[in-house]
Amino acid sequence: MERTTLRRRALAAGTATVAVGALALAGLTGVASADPAATTAPPVSADSLSPGMLAALERDLGLDADDARSRIANEYRAAAVAAGLEKSLGASFAGARVSGAKATLTVATTDASEAARITEAGARAEVVGNSLDRLEGVKKTLDRAALNKAPKNVPVYYVDVAANKVVVNAASTAAGQAFLKSAGVDGGLVTVARSAERPRALADIRGGDAYYMNGSGRCSVGFSVTRGTQGGFATAGHCGRVGTTTNGVNQQAQGSFQGSTFPGRDMAWVATNTNWTPRPLVNGYGQGDVTVAGSTASVVGASVCRSGSTTGWHCGTIQQLNTSVTYPEGTISGVTRTSVCAEPGDSGGSYISGSQAQGVTSGGSGNCSSGGTTYFQPINPLLQTYGLTLVTSGGGTPTDPPTTPPTDPPGGTWAAGTAYAAGATVTYGGATYRCLQAHTAQPGWNPADVPALWQRV
């Protein structure tokens with residue numbers, strides 16, 4: 001996908017979903033604001049971040065609740081300003097990133113005369129030798145070579161905006177140089193770095209929930225989506241091919257893959273049956289669900305959190321955008337590299353910054369015991385590829401009762417008004433059910449009609 005298309009989508013998404021004050025709006029329209037008051041990011045309210053996300057940010061990034069809210073507010077502002085400067089700087093734009101505890105924004109340019117414009121917009125200016133377009137052109141050449149033949153012993157390559165270079169991570173310098181030679185790329189714009197990474201795809205409607213493919217194997221839901229009146233969810237392409245059927249977290253029939261791309265990209269979407277209602281939520285795994293408000297892409301250095309059915313919530317930072325990674329199955333391009341850990345079964349799950357959807361888990365290396373590197377497929381290109389709309393409003397919680405509660409048949413041990421703990425079992429309508437999440441039962445929330453709460457056993 002061309003960067004100009006992505007820019008337009010990012011700007012549109014930001015305009016609709018990020019309310020971060022005058023500077024953000026100025027950035028989104030490509031006009032730098034000189035208002036000093038606009039350079040301070042507004043606070044994030046205590047209710048806007050889930051307890052689960054705050055806890056994960058504290059555990060993984062060492063941030064207390066106040067620091068986490070302040071950082072995410074600054075990251076929202078940075079994303080908006082960076083998008084506006086990318087548009088206004090044009091060909092001289094050389095990338096953006098945030099750094100430090102306060103998420104200070106740095107925007108690079110190849111034109112020293114543009115430094116004042118960047119500073120006036122509230123960012124730190126950096127003058128470099130290579131534009132982002134130039135570096136991404138080199139990476140596209142590498143992508144074409146990798147698509148023709150996946151490079152041997154070259155697990156990852158990407159544009160590093162901080163280094164103003166294309167970085168090729170390889171098992172040896174010789175392997176990296178061989179890849180450059182096969183692609184016909186000038187080594188002057190590339191740094192070959194030795195790496196022991198061995199990434200693999202992590203395959204083994206609320207984001208982060210488990211689902212099962214063709215009765216075997218497990219992945220995680222990314223984000224609820226719609227296409228017209230059809231509901232479903234976004235996930236990773238390596239989890240299934242078109243026609244692959246899925247069962248939900250409760251092991252009941254759910255839907256089937258309607259689109260899937262892997263390798264090359266790692267994107268897919270599943271259309272679900274009418275028993276499943278798409279919600280604008282990501283599973284907080286016992287700490288409160290996160291509401292999805294939009295899909296404004298964060299910049300390099302921003303915090304990001306992931307929800308997956310194997311390891312739950314984990315957070316880290318965005319390291320590089322537009323990365324290419326080679327799995328045993330082939331090379332995947334256009335993914336985002338992060339310091340967040342993940343494990344098999346987390347694939348397809350949600351990556352989110354604050355309330356903004358970022359992407360779906362692709363793969364990585366390491367684990368959540370010793371740490372690792374993980375890649376996600378950005379959500380906006382996925383939505384555009386399949387003509388999908390991200391669900392961001394109109395939903396309640398996964399435990400909302402049906403609009404017209406069904407008549408509960410007599411018999412069984414289940415009873416409205418009873419508090420059930422996760423793992424508790426009841427009988428209802430002649431069948432036995434296991435409670436999936438703690439709740440107090442309400443009329444209409446019976447085990448047969450609310451699969452988000454109960455699993456038949």
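**Exercise 1. How many salt bridges does the structure hold?**

Solution. The model is predicted, so local features need pLDDT of at least 70 and side-chain atom pairs count only at pLDDT 80 or more, while totals for chains, interfaces and linings use all residues. Residues are numbered from 1 along each chain as its sequence is written, and side-chain values use heavy atoms, with hydrogens and water left out.

Step 1. Fix the term: a salt bridge is a side-chain nitrogen of Lys or Arg within 4 Å of a carboxyl oxygen of Asp or Glu.

Step 2. Read the total: there are 11 salt bridges in the structure.

**Exercise 2. Decide whether Asp60 and Arg59 are buried, partly exposed or exposed.**

Step 1. Asp60 and Arg59 form a salt bridge, with 2.8 Å between the closest N and O atoms.

Step 2. Apply the cut-offs: buried means under 20% relative accessible area, exposed over 50%, and partly exposed in between (1.4 Å probe, protein chains only).

Step 3. Asp60 has a relative accessible area of 28%, so Asp60 is partly exposed. Arg59 is partly exposed because its relative accessibility is 47%.

**Exercise 3. Locate the partners of the salt bridge between Arg306 and Asp346.**

Step 1. The side chains of Arg306 and Asp346 meet at 3.5 Å, N to O.

Step 2. This pair links distant parts of the chain, 40 residues apart: Arg306 is in strand S17 (residues 303-308), and Asp346 is in the loop between strand S19 (330-338) and strand S20 (350-353). Strands (E, at least two residues) and helices (H or I, at least four) are DSSP runs, numbered from the N terminus.

Step 3. Arg306 and Asp346 are both buried.

**Exercise 4. Describe the disulfide of Cys305 and Cys315.**

Step 1. A disulfide is a pair of cysteine sulfur atoms within 2.5 Å. The sulfur atoms of Cys305 and Cys315 are 2.0 Å apart.

Step 2. The disulfide is right-handed because the torsion about the S-S bond of Cys305 and Cys315 is about 100°.

Step 3. Cys305 lies in strand S17 and Cys315 in strand S18 (residues 312-327), so the pair ties together parts that are 10 residues apart in sequence. Cys305 and Cys315 are both buried.

**Exercise 5. Give the handedness of the link between Cys219 and Cys239.**

Step 1. Cys219 is joined to Cys239 by a disulfide, S to S 2.0 Å.

Step 2. The angle about the S-S bond of Cys219 and Cys239 is -90°, and the link is left-handed.
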